[in-house]
Amino acid sequence: MKTILEVKDVYLYFGGVTALNGVNLKLKEGEILALVGPNGSGKTSLLNCICGFYKPQKGRIIYKDRDITKLPPHARAEIGIGRVFQTPYIFHGSVIDNIMVGYVTKQKNPFKLMRMKSAVEAREMAERLIEFVELEMYRKSEALGLPMGIRKRIELARVLMWNPDVLLLDEPTSGLSIDEKRDMARYILELNEVHEKSILLVEHDLSLVHDIAERVIVMDAGVEIAEGSPQEVVKNPEVIKAYLGE
Amino acid sequence: MVLLEKLILGLAAGTIYGVMALSFVLIYRVGKIVNIAVGDMVLLGSYLIFAFSGLRLIGNPAMNLLLGLVMASFVGLIIAIATERFLMRPLYGQSILALIMMTVALGMILRGFTIVEWGTILRVFPGQHEVFPPVPLKVGVIEIPYVYIWSTVGSLIIFGSFLYLFRKTLFGFAMRAVSLNPEAAATHGISIKRIYTYTWMIGYVAAFLAGLVLGAINGINVTITYLGLARALPAALIGGLDSPGGAMLGGLLLGLIEHSIGTYLNMFIPGIRDIVPYIVLLIVLIVKPYGLFGTERIERV
């Protein structure tokens, strides 16, 4: 399989704290790659570097053979990278308003964004995605007051509005009930298998990782300590040490 | 009947304050910038309209004034781009105080330019008396100056257009998304620099419309700056700094109180009319610190 996203020797510092210490990663087309590791190991920082939220001091991010290290975050979304946050980013407005705003990524012309025609097109797309994430009954509800599980689905649907090829999912099941976790896992699998999205997944739930990820990278203190299949990495002594201590 | 007339005048004046407050609120809500230059933007607008309508490109005075507004607005769009790109953008990520100080500097630049270019003599728009006849419209015993009628119509059109834009279009959704969390909005494909620029553009156009109205009512000179800020700021604070609808309601409330209670008290205590808006502001802020429609912030401790 061809590499769609590559992180090359990335270093990220916050003052004297090293968040990422020379991280390398390759995401192949159509795979689900899980990033796991203890809290503070640099998983979310790495996602932030990939989507442009953070600027690494050293290293490069390559997407579809193009160096995107210096691209601003919105431009990375435009070329096909979709980021879903651990705490969903929702603004004042209904569920469908919150999803429709993802259309802005596809349309830069402000005058076209002011036209009703664009809103109608965006609404049709949003309606299809509402069905995908099974939020029909919440369509017109004020999004900010909804439970975490619903807000996570709203954000996922918004990101899918611009049909990204790569999805960066930051703990998509944290704070969810068992049923909600199962639903989210189903969406992720469908996005991967049916819609051919390449997915980089940060997740603490190792049983979920075991069920859906093809490959796992384990990080600790800003470096990669293990890589392999879910079955392989859980047996790795370095991984056991990172999670359980000496 | 006198009271009714004052209330109508108050509502008309309130729509103008509301539009100025809208300019202020929009820039605050989207960019988190307390724009002290709002009065100077209004001043620049009235002078630019004065200058362009002075060219008399159209014979009809009303159309000529309207063309002046359109041409001034185009210049306003260019100034908005320059304001965002060269004054504000370098300061994003800095303290709020730095941004406020930059708007103070912007105000001084705009005001200084108008004084250098047009001086401080009181001026009127070319053909103003033909467009807004000095004899008021009489409805029974109520007299309403024409300038108030047109200003109300203009203000409501711009406010209605803005509300439609903000609440119904994708452009408005993007503005709302950026106002909540610019970095996250950028990650979701919205160019925050573009949205900030468009926000300044709308802010300038709204201020320029207010410049036309205030210039027509009070004449054009530097005092418009103070009048603009002195009404936009309390209207915005009363309505709630981050609420566009609140800005208009704050403006209406201010206009009503100023023209009714303020005018009445002014007979006994001359000059108190100008203080009344601030007394109302104090009361509102004591009872509702975030304004009547502002978002209450709850922070975790």
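Chain A comes to 10 helices and 10 strands. Keep in mind as we go that this is a predicted model. The C-alpha atoms of chain A fill a box of roughly 60 × 40 × 35 Å along the principal axes. A compact globule with 246 residues would have a radius of gyration near 18 Å, and chain A, at 18 Å, agrees with that. Of those 246 residues, 46% count as buried. Sequence-distant pairs matter here too: among contacts in chain A with a separation of 6 or more, 69% come from residues 24 or more positions apart.

Now split chain A up. The domain assignment gives domain 1 as 1-80 + 164-246 and domain 2 as 90-163, so to speak an insert between two stretches of domain 1. The C-alpha centres of the two domains of chain A lie 25 Å apart. Where they meet, the contact takes 11 residues from domain 1 of chain A and 9 residues from domain 2 of chain A. On the domain 1 side, the elements that give two or more residues are α2 (73-78) and α7 (178-193) of chain A. Helix α7(A) has the largest share of that side, with 3 residues. Sorted by class, the domain 1 side of this contact has 7 nonpolar, 2 polar and 2 charged residues.

Inside domain 2, follow helix α5 of chain A, residues 116-132. This helix has 17 residues and reaches 24 Å from its first C-alpha to its last, close to the 24 Å expected at 1.5 Å a residue. Which residues of α5(A) are buried? They are S118(A), A119(A), A122(A), A126(A), L129(A) and I130(A). These residues cover an arc of only 105° around the axis, which puts them on the same side of α5(A). The spacing fits a general rule: an α-helix has 3.6 residues a turn, so residues three or four places apart point the same way. Turn to the other side of α5(A) and you find K117(A), V120(A), E124(A), R128(A) and E131(A), which are exposed.

What covers the buried residues of α5(A)? The cover includes elements of both chains: α3 (95-100), α4 (110-114) and α6 (148-160) of chain A, together with α6 (146-168) and α7 of chain B. Just after α5(A), E134(A) takes a positive phi of about 55°. Further along chain A there is another backbone spot to look at, N163(A), with a positive phi of about 50° although it is not a glycine. N163(A) is found in the loop between α6 and β7 (166-170) of chain A. With 14 C-beta neighbours inside 10 Å, N163(A) counts as partly exposed.

Since chain B has already turned up in the cover of α5(A), let's look at where the chains meet. The contact takes 30 residues from chain A and 20 residues from chain B. On the chain A side, α2, α3, α4, α5 and α6 of chain A are the elements that give two or more residues. The largest share of that side, 4 residues, comes from α2(A). By class, the side of chain A that touches chain B has 19 nonpolar, 7 polar and 4 charged residues.

On to chain B itself, which comes to 12 helices and 2 strands. From the N terminus on, its elements run α-α-α-α-α-β-β-α-α-α-α-α-α-α. The radius of gyration of chain B is 19 Å, close to the 19 Å that the globule rule gives for 301 residues, so chain B is as compact as a globular protein of that length. Its C-alpha trace spans about 60 × 50 × 35 Å along the principal axes. Buried residues make up 52% of the 301 residues in chain B, and residues 24 or more positions apart account for 74% of its contacts with a separation of 6 or more.

Helix α7 of chain B, residues 170-180, deserves a second look. Of its 11 residues 10 are buried, so α7(B) is largely enclosed by the rest of the structure. The buried ones are L170(B), F171(B), G172(B), F173(B), A174(B), M175(B), R176(B), A177(B), V178(B) and S179(B).

Finally, go back towards the start of chain B. K32(B) has a positive phi of about 55° although it is not a glycine. K32(B) is found in the loop between α1 (2-31) and α2 (38-53) of chain B. With 14 other C-beta atoms within 10 Å, K32(B) is partly exposed.

Terms used: Residues are numbered from 1 along each chain as its sequence is written. Chains are lettered from A and ligands numbered from 1 in the order in which they are written. This is a predicted model: local features need pLDDT of at least 70, side-chain atom pairs count only at pLDDT 80 or more; totals for chains, interfaces and linings use all residues. Domain bounds come from an automatic or database domain assignment. Two residues are in contact if their C-beta atoms, placed from the backbone, lie within 7 Å. Ala, Val, Leu, Ile, Met, Phe, Trp, Tyr, Cys and Pro count as nonpolar, Asp, Glu, Lys and Arg as charged, and the others, Gly among them, as polar. A residue is buried if 20 or more other C-beta atoms lie within 10 Å of its own, exposed if 12 or fewer, and partly exposed in between; C-beta atoms are placed from the backbone. The expected span of a helix is 1.5 Å times one less than its number of residues. The arc is that of the directions from the helix axis to the C-beta atoms. The radius of gyration is taken over C-alpha atoms; the globule rule is 2.2 Å times the number of residues to the power 0.38.
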